[in-house]
Amino acid sequence: MAALLPGTRALRTLEAAARHLNFTRAADELGLTPAAVSHQIKEIEDQLGIVLFTRTSRTIRLTEAGTVLYEAATDTLDLLGRAVMRARKMARGTEFLKVTLDAQFAAKWLMRRVENFRQQRPGIELRFDIAYGLRDFDLDDVDVGIRFGAGKYPGLSAHRLFDNIIIPVCSPGLLTSGPPLREPRDLFNHTLAHIEWARQGVTWPNWRMWMAAAGINDFDDSRTVVFGTSTDAVQAALDGNAVALADFAMVANDLSEGRLVRPFELSIRVAPEYAYFLVYPQAMADDPRIVAFREWILEEVSRTRTADKV
């Protein structure tokens, strides 16, 4: 029976061809030629004595038998992928902890504190996966993650880190050399930067929303600059080119170290269910590395919250 089973490479080719129903697109994904994909599919059909695809001059379609094997190949590859990832994590040993997080959280908050963790936990080496996309703990080589969202992660433990408190910030030089900023309407004389983000009916605070909170309802937002990431908006403020709306936690260090200042104390909040969360598989909750990281980061978060005067 084992001799009749296609190998892993053949299963990957079958899965890609069946998913795309196009040998050319499958070939692009696999780094093969369309002819090589077609040849591999023919080899599988000859090996099994089963027709998997019906072919016309322009299209291919799965046969009933092909559908059965496609579904089995998908499940098999997924199971193998998860097993391989578990094995890799075991092979890494207990001294490494891999953290996945986005670039903004890494640059503006976590990396500034990593040395403190190393001093407190010299037996654990942190490694980082910097990505905006979500990782799958079963399929990706990561142990814990820091995610922005509503905290609903099935199968994962989630610890709320920061509420998102949005404040205006600018460089100290802009306050001394630019048009004065004595009241909110004075912001009309400056370039104003913010990001544009919306999810499930929730909109990230922008300047129109901040102005409304300040009692200004005739604000013209045509002169605002919209950035794709908070990092870029904050950088514009650091460079002295704009007054930016920023997440307090992400600029706390810049404020405490004098690189940024708050021209006005008024703040607004993102919808309360959204925040940064520390997440990891529930089954790994007692892992000593995760316990150490969890205790450390929650303590650091507490310090940031204490510094929050908003």
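How do the residues of the lining of the largest pocket divide into nonpolar, polar and charged? This tour of a predicted model begins there and then moves to a sheet and to a helix.

**Stop 1: the largest pocket**

Select the residues that line the largest pocket: they divide into 13 nonpolar, 8 polar and 6 charged. The volume of this pocket is about 640 Å³. Of its 27 lining residues, those closest to the centre are Asp102, Tyr132, Phe148, Trp197 and Arg199; showing their side chains marks the middle of the site. Next, colour strands β3 (96-101) and β5 (144-149), the elements that give two or more residues to the lining. The largest share, 4 residues, comes from β5.

Now colour the model by domain. Domain 2 (93-156 + 275-306) and domain 3 (164-267) both contribute residues to the lining of the largest pocket, so the pocket lies between them.

**Stop 2: the five-stranded sheet**

Turn next to the open sheet, in which 5 strands follow the order β11-β8-β12-β7-β13. The pairing in this sheet is mixed. Select residues 224-227 and 268-269 to display the edge strands, β11 and β13 respectively, each of which pairs on one side only. As background, strands of a sheet pair through backbone hydrogen bonds, in either a parallel or an antiparallel manner.

For a detailed view, select β7 (residues 165-169) together with β12 (residues 243-247). These two strands run antiparallel and are joined by 4 bridges. Centre the view on Ile167, which stands opposite Ala246 in β12.

**Stop 3: helix α1 and the residue after it**

Move to helix α1, residues 8-20. What span should its 13 residues have at 1.5 Å a residue? The expected value is 18 Å, and the C-alpha atoms at the two ends of α1 are 18 Å apart, so the two agree. Display the side chains of the helix and pick out the buried residues of α1: Ala10, Leu11, Thr13, Leu14, Glu15, Ala16, Ala17 and Ala18.

Finally, select Leu21, just after α1. This residue is placed in the loop between α1 and α2 (23-30). Its backbone merits inspection: phi of Leu21 is near 50°, a positive value in a residue other than glycine. Is Leu21 buried, partly exposed or exposed? With buried set at under 20% and exposed at over 50%, Leu21 counts as partly exposed because its relative accessibility is 38%.

Key:
Residues are numbered from 1 along each chain as its sequence is written. This is a predicted model: local features need pLDDT of at least 70, side-chain atom pairs count only at pLDDT 80 or more; totals for chains, interfaces and linings use all residues. Side-chain values use heavy atoms; hydrogens and water are left out. On a 1 Å grid over the protein atoms alone, a cavity is a set of points where a 1.4 Å probe fits but cannot get out, and a pocket is an open set with protein on both sides within 12 Å along at least five of seven lines; lining residues have an atom within 4 Å of a point. Grid points are joined across faces, edges and corners, and a volume is the space filled by probe spheres set on the points. Ala, Val, Leu, Ile, Met, Phe, Trp, Tyr, Cys and Pro count as nonpolar, Asp, Glu, Lys and Arg as charged, and the others, Gly among them, as polar. Domain bounds come from an automatic or database domain assignment. Two strands pair if DSSP finds at least two bridges between them. The expected span of a helix is 1.5 Å times one less than its number of residues. Buried means under 20% relative accessible area, exposed over 50%, partly exposed in between (1.4 Å probe, protein chains only).
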